[in-house]
Amino acid sequence: MNSLISQNLISSIPLRSLTRLTLNTNSHRHFKASLPPLRMSSDSSQRVFQLKLDPLTGNSEWVVIEDNDELTECSMEPLLATTSYLDMLNDSYRNKAFRLAIEKTVTKPFHVLDIGAGTGLLSMMAARAMGLNGMVTACESYLPMAKLMRKVLHRNGMGKAINLINKRSDELEVGVDIPSRADVLVSEILDSELLGEGLIPTLQHAHDKLLVENPLTVPYRAVTYGQLVESTFLWKLRDLYGNEAKASDGIHLVPTGLDTIIHVKSQQYPMHCDAIRKEIKLLSEPFQIFEFDFWKRPDSRGETEVRIKAIDDGSIHAVVSWWILQLDREGTVFYSTAPRWINSPANIGNGNWCDHWKQCVWFLRGKGMPVSKGEEILLQASHTATNVSYNLTAQAPQTDRRQHDYRIGDFQLLLSPERIATYGDSEWRLSMLAAVRNALQGKVGPLCVVVDDSILLTLLAANLSTNSHVISLFPGLRDKGAQYLENVAKANGFSMDRIEVPEKRKACLSMHDTLGKKVDMLIAEPYYYGNEGMLPWQYLRFWKDRTLLDPVLLEDALIMPCKGILKACAMSLPDLWRSRCCLGEVEGFDHSVVNTTLGACGELPAPKEGPCLPFSIWQCGEIKELSERFTILEFDCSKPISSSYGKAQVQFTEHGICHGFVLWMDWVMDMSNSILVSTGPDLRYWKQGVKLLTKPVAVGTHGSECTSAFCSTEIEAFFDPASSELVIKHAFS
């Protein structure tokens, strides 16, 4: 096969992901998913357990990482390539702010403690500020990161100037790990919410056990701010009950009287709010909420009340929040995560798109809180050690006092905002209704298996056929799915004796499980609970599940979706590319040794390439489509899973700089190809995959005046189910 893809490159883009099992207060912030730590130690070595997940099967296995193991770059790439370390190190505003503050603070030989040291950037800044005098202790709990930090320190000649300790900060002991309490704390353990990475417990332990009295700190202080907004888009991410009233499929995911049976978790959700600025109506001026001082021991809990005057009529759907960091004691160096519509001299960094820090959104329940211009609203804010929550009350007369509170039922199914909005999308639901109705046509007493976590398909299959029997595997929801169905069955016109949810998770069913009856219909969206961050083609888990169930399928069993289509589009993505590009010097320190390990795009050693990563394209700053949307690969789900190869020649339709390709899956739900469900970049409830180029390329259309621009590209892809890997290659012409 004359192909851009050679067999020795098949493993260059891993489909399996590695999830770090660490929920410590030092370093877990940069990972997409975190679980409690599993760490073992002995006198001679540290041992970390890593969870290795295969998205195509849902199975996982443990990988052991020893401290005395020499991890190669290849073995570390899956561990760190999906983190936000690279994005953070490419944030020049952040790096400069920390450098300026450290140079203003560390003015003589001190003992400096760096908690959550990462690549060691702040430690090296502190050591350089002291002229390599004094003492720097760097604490980095995550073993693969600590190994990478050693390489960075060695590259910059700082190996002997900085004492790197591979422990959590709350495991450090004065007199054992460090000779004395530290005079200065430098640390960046902040997430978009500020507190989610364990800032408060980390500072509490540090002040109690590791720092001198009245220490110097960088940062010095953080202040959180908020603003009340109206936004139909944000409302749709929260209120399924109000949204599904527009659906005409007869299904009640949230029946009357069970308003809270499905809802999002009450928490702040990170989001690039600038991307929806045109869909936001501001209903208040910005207001200050909490202030946290790093230089003194913080309280685990806090409460405050803020009286806010509405500046316009409307319905409050959400509180948008952000924080401003004061890095030095004098108040001359700041960093802000405020949206761009906020103008303030302190807003250093808020015009700079980055993905590691966003704004946060707190959703109000139901249809929101109606307010009139000039009306006063009382916001009651509280924080725990790791999160912030709000309650809003309209300050109307006592006889008409409206409080934003709802009765919570006994059972609640917590779903992501994107899943709530999907279930409330009337057009999407009509597609699912048509697909299931067509599938049931002419079938008497069908046995239908729902292989994914779709509660809608389960209800549709039971509702549209009075004599169907439905087995819902619910691989992620499990008993939560069963409890949900029991609560809504009556409102949806069926009894639970027609629906079965296996008690134990099963990769496949036997004829014993189906009571000797072969399966007439096997259906999915596909959607897997808790895996919304997967790459689009990893939803081919449905194809794998369909293959495992092949022995219990009728020969003419209906498979839905019957086909998956891998689609792509060439795009200009300057903000995203800058955040993921190769590092050189960062504030004077060479970081080039981290590029391959952190999954950078740019001038990597051949044949290395940056990985495909999942992103919500609509939140990726400046974006522009440069080509038509085209098909790369098709997957025939009506047949058992098999390897697939596809190639496409694409003409550019716009002039511009191409930074990469955006990829997604379209699902053909019926054999007549009349019902197609897309997850493309203009649909904001799904993530797309992004393959960034090694180097941005100027492109144009045929016949254009610019002769140096490429007019087309050839893309090909190979999917290997045996290794669960997808390889994508391209060549411009």
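Contact here means heavy atoms within 4.5 Å. Helices (H or I, at least four residues) and strands (E, at least two) are DSSP runs, numbered from the N terminus. This is a predicted model, where local features need pLDDT of at least 70, side-chain atom pairs count only at pLDDT 80 or more, and totals for chains, interfaces and linings use all residues. Residues are numbered from 1 along each chain as its sequence is written, and side-chain values use heavy atoms, with hydrogens and water left out.

**Stop 1: helix H6**

Select residues 199-210, which are helix H6. Buried means under 20% relative accessible area, exposed means over 50%, and partly exposed is in between (1.4 Å probe, protein chains only). Nine of the twelve residues in H6 are buried, so the helix is largely enclosed by the rest of the structure. Colour Leu199, Ile200, Thr202, Leu203, Gln204, His205, Ala206, His207 and Leu210 to see the buried ones. What covers them? The cover includes strands E5 (111-115), E8 (182-187), E9 (211-218), E14 (287-293) and E21 (376-383).

**Stop 2: strand E25 and its partners**

Move to residues 447-450, strand E25. In a regular strand the side chains alternate between the two faces of the sheet. Look for Leu447 and Val449 on one side of E25, and Cys448 and Val450 on the other. Both faces are covered, and all four of these residues are buried.

Now add strand E26, residues 469-472. Two strands pair if DSSP finds at least two bridges between them. E25 and E26 pair in the parallel sense, over four bridges. Val450 has Ser472 as its bridge partner in E26. Follow the chain from E25 through helix H11 (residues 455-464) to E26: this β-α-β crossover is right-handed. That term applies if, with the strands pointing away from the viewer, the path from the first strand over the helix to the second runs clockwise.

Add strand E28, residues 519-523. E28 runs parallel to E25, and three bridges join them. Which residue of E28 is the bridge partner of Val450? It is Ile523.

**Stop 3: two helix pairs**

Two packed helices are described by the angle between their axes and the distance between the axes. Axes are lines fitted to C-alpha atoms, for helices over the stretch in contact, and angles run from 0 to 180 degrees between N-to-C directions.

Keep H11 and show helix H10, residues 426-440. The two axes come within 10 Å and cross at roughly 45°. Angles under 35 degrees count as roughly parallel, over 145 as roughly antiparallel, 65 to 115 as roughly perpendicular and the rest as oblique. H10 and H11 are therefore oblique to each other. Their crossing is right-handed. A crossing is left-handed if the near helix is turned anticlockwise from the far one by less than a right angle, and right-handed if clockwise. On the H10 side, pick out residues including Trp428, Met432 and Val436. They belong to a set that meets H11 residues, among them Leu456, Leu460 and Leu464.

Next, select helix H3 (residues 92-105) and helix H4 (residues 121-129). Their axes come within 9 Å and cross at roughly 35°. This crossing is right-handed. Phe98 and Ile102 are among the H3 residues at the meeting, and Leu122 and Met125 are among those from H4.

**Stop 4: unusual backbone spots**

Find Pro219 in the loop between E9 and strand E10 (221-230). The peptide bond from Val218 to Pro219 is cis, with omega near 5°. Then go to Pro526, in the loop between E28 and helix H13 (541-548). The bond from Glu525 to Pro526 is cis, with omega near 5°.

Phe474 sits in the loop between E26 and helix H12 (479-488). Its phi is positive, about 40°, although it is not a glycine. Is Phe474 buried or exposed? It counts as buried, at 0% relative accessibility.

Glu587 lies in the loop between strand E31 (585-586) and E32. Glu587 has a positive phi of about 50°, and it is not a glycine. It is partly exposed, with a relative accessible area of 23%.

**Stop 5: an open sheet**

Show E36, E40 and E41: these three strands form an open sheet in that order, with antiparallel pairing. Strands E36 (644-651) and E41 (725-732) are the edges, each pairing on one side only. The twist averages 15° from one strand to the next. Eight bridges join E36 to E40 (residues 712-720). To finish, label Ser644, which stands opposite Phe719 in E40.
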